[in-house]
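Trainee: Please take a close look at one part for me: the aromatic rings and what surrounds them. Keep it concrete, and fit the rings into the rest of the fold.

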Amino acid sequence: MFSGGCSSLKGPLYPEIIYNNRQPLISVTYEYGEIQLILPIRYDAAVPDNILFKVFAQGDTSHPVISILQEAPKEFLAYLPQGVLDIQNNTNLIKIIPQDKNFDPINIRFKGIRFGRMVLPPKTIRIGQLVVSGKTTLNNNDSIVPHVAISLQNFDNVIHTTRSNESGFYQIAIPGEYKFAEHLRIVAGENLIFNPFSKKLDFSTSRKVKLDIAVGPSEEMKEPLYMTNRDNVHFREGPDIGSETLFLLKKGEVISVDRVTPGEYYGFIEVELDGNKRIKMEGWINRTDLSLVMMENIYKYPVNN
């Protein structure tokens, strides 16, 4: 059903009377008709409360023939004067303007008829795309890192993947249906030697999020740097056998080594807390569980792979 709204209508333009130049003088009369314009509307995932429809004719996008503001309908219906539309080319236009910032305006161009009933193909209105963009850098000195593998994931389902370009810039756009997803996250650096960067994304207040991604250890982690070469590496309180294990580290955890014994390395790891705050924790690790980090090449595979 349709809900009435504010509308404006521009009157039809009639051509001049045509005379046949014979006696008695006879003029051609014009029979007035109208155009019934119908546009079926579909919705995907969400429905805006109100929509403003504007119909423009013959390439004039400044002065609408008619404007109608109404509750989101199942079909848009408008009555136009006979002869107002361009019947030769697609210069007529319907602008669909949802009155909700989560939806983008839609333009539909079409070729008209002189009069009668005209049904256009259905149009689906969707929530606008969600976009996250930024640059990829090293954590310790903010230098650009190109070709970083980046993905958006909902739970463990990968929605979209990309890589940062030569300038470290990346951008990902996903359907608006994920706007209120509670487990949406961005994961970056799975093609790097470091543990991947992971962060939850929140689009509840904006459809565009700017997020710069810093990979690798921070500047607080001094060289020499080593990295765990397997999962479940014991990070212990002391070097002695039976010393308490503080953490089990995953493969790819970076250690800033400060002291060395014949079988152990003593050093610091970084632990990230809520709010992206990092703290350093000290402990001991078996030497065989670590490999020296070569910062000159931080990619697991050749860049083209």
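Mentor: Start with a rule for charges and rings. A charge counts as sitting over a ring if NZ of Lys or CZ of Arg is within 6 Å of the ring centre and within 35 degrees of the ring normal. R259 fits that rule: it lies over the face of Y266, at 4.3 Å from the ring centre. K280 does the like with F268, its charged end sitting 4.7 Å from the centre of that ring. Y266 and F268 also belong together, since ring pairs link them with W284 into a cluster. Bear in mind that this is a predicted model.

Now the setting. The chain has 24 strands and 0 helices. Of its 305 residues, 38% count as buried. Take the contacts between residues at least 6 apart in sequence: 60% of them join residues at least 24 apart. The chain exposes about 18,200 Å², and carbon and sulfur atoms supply 49% of that area.

Back to the rings. The structure holds 5 aromatic pairs. A pair of aromatic rings is described by the distance of the centres and the angle of the planes. F53 and F76 make one of the pairs. Their ring centres are 4.3 Å apart and their planes meet at 10 degrees, so this pair is stacked. The cut-off for stacked is under 30 degrees. F53 belongs to strand β3 and F76 to strand β5 (residues 75-81), so the pair ties together parts 23 residues apart in sequence. Are these two rings buried or exposed? F53 is buried, at 1% relative accessibility. F76 is buried too, at 0%. The limit for buried is under 20%.

Compare F235 and F247. Their rings form a tilted pair, with 6.4 Å between centres and 35 degrees between planes. F235 sits in strand β19 (residues 233-236) and F247 in strand β20 (residues 245-249), 12 residues apart. The cover on the two partners can be read off in turn. F235 is buried, at 0% relative accessible area. F247 counts as partly exposed, at 31%.

Next, follow the strand that carries F53. Strand β3 (residues 50-56) pairs with β6 in the antiparallel sense over 6 bridges. Within that pairing, I94 of β6 is the bridge partner of V55. On to β6 itself: 5 bridges join it to strand β7 (residues 106-110), again antiparallel. There, I96 has I106 of β7 as its bridge partner. What encloses β6? Of its 7 residues (92-98), 5 are buried, so the rest of the structure largely encloses this strand.

That brings us to the nonpolar cores. In soluble globular proteins, nonpolar side chains tend to be buried together. The largest core here has 28 residues; V132, I150, I186, L201, L211 and I213 touch the most other members. Strands β10, β11, β13, β14, β17 and β18 each supply at least two of its residues. L211 shows how such a member is packed. Beyond its neighbours within four places in sequence, L211 is in contact with V132, S133, G134, K135, Y170, I186, F197, K199 and L201. Two aromatic residues, Y170 and F197, are in that list. Apart from this core lies another, of 26 residues, with I51, V55, M118 and L120 among them. V55 is also the residue bridged to I94.

Now the loops. One more aromatic residue deserves a look: F155 has a positive phi of about 55 degrees, although it is not a glycine. F155 lies in the loop between β11 and β12. N232 also has a positive phi, near 60 degrees, and is a residue other than glycine. Its place is the loop between β18 and β19. At 49% relative accessibility, N232 counts as partly exposed.

Finish with P224. A cis peptide bond joins E223 and P224, with omega about 5 degrees. P224 is found in the loop between β17 and β18. It is partly exposed, at 39% relative accessible area. Which residues does P224 contact beyond its neighbours within four places in sequence? They are I255, S256 and V257. V257 is 33 residues away along the chain, yet the C-alpha atoms of P224 and V257 are separated by 5.9 Å.

Technical notes:
Residues numbered from 1 in each chain as written. Predicted model: local features only at pLDDT ≥ 70, side-chain atom pairs only at ≥ 80, totals over all residues. Heavy atoms only, no water. Core = buried A, V, L, I, M, F, W, Y, C linked by side-chain atoms within 4.5 Å. Buried < 20%, exposed > 50% of the residue type's maximum accessible area, 1.4 Å probe, protein only. Helix = DSSP H or I, 4+ residues; strand = E, 2+ residues; numbered from the N terminus. Contact = heavy atoms within 4.5 Å. Areas by Shrake-Rupley, 256 points an atom, 1.4 Å probe, with all protein chains shown as cover. Pairing = 2+ DSSP bridges. Phe/Tyr/Trp six-rings, centres within 6.5 Å; stacked < 30°, edge-to-face > 60°.
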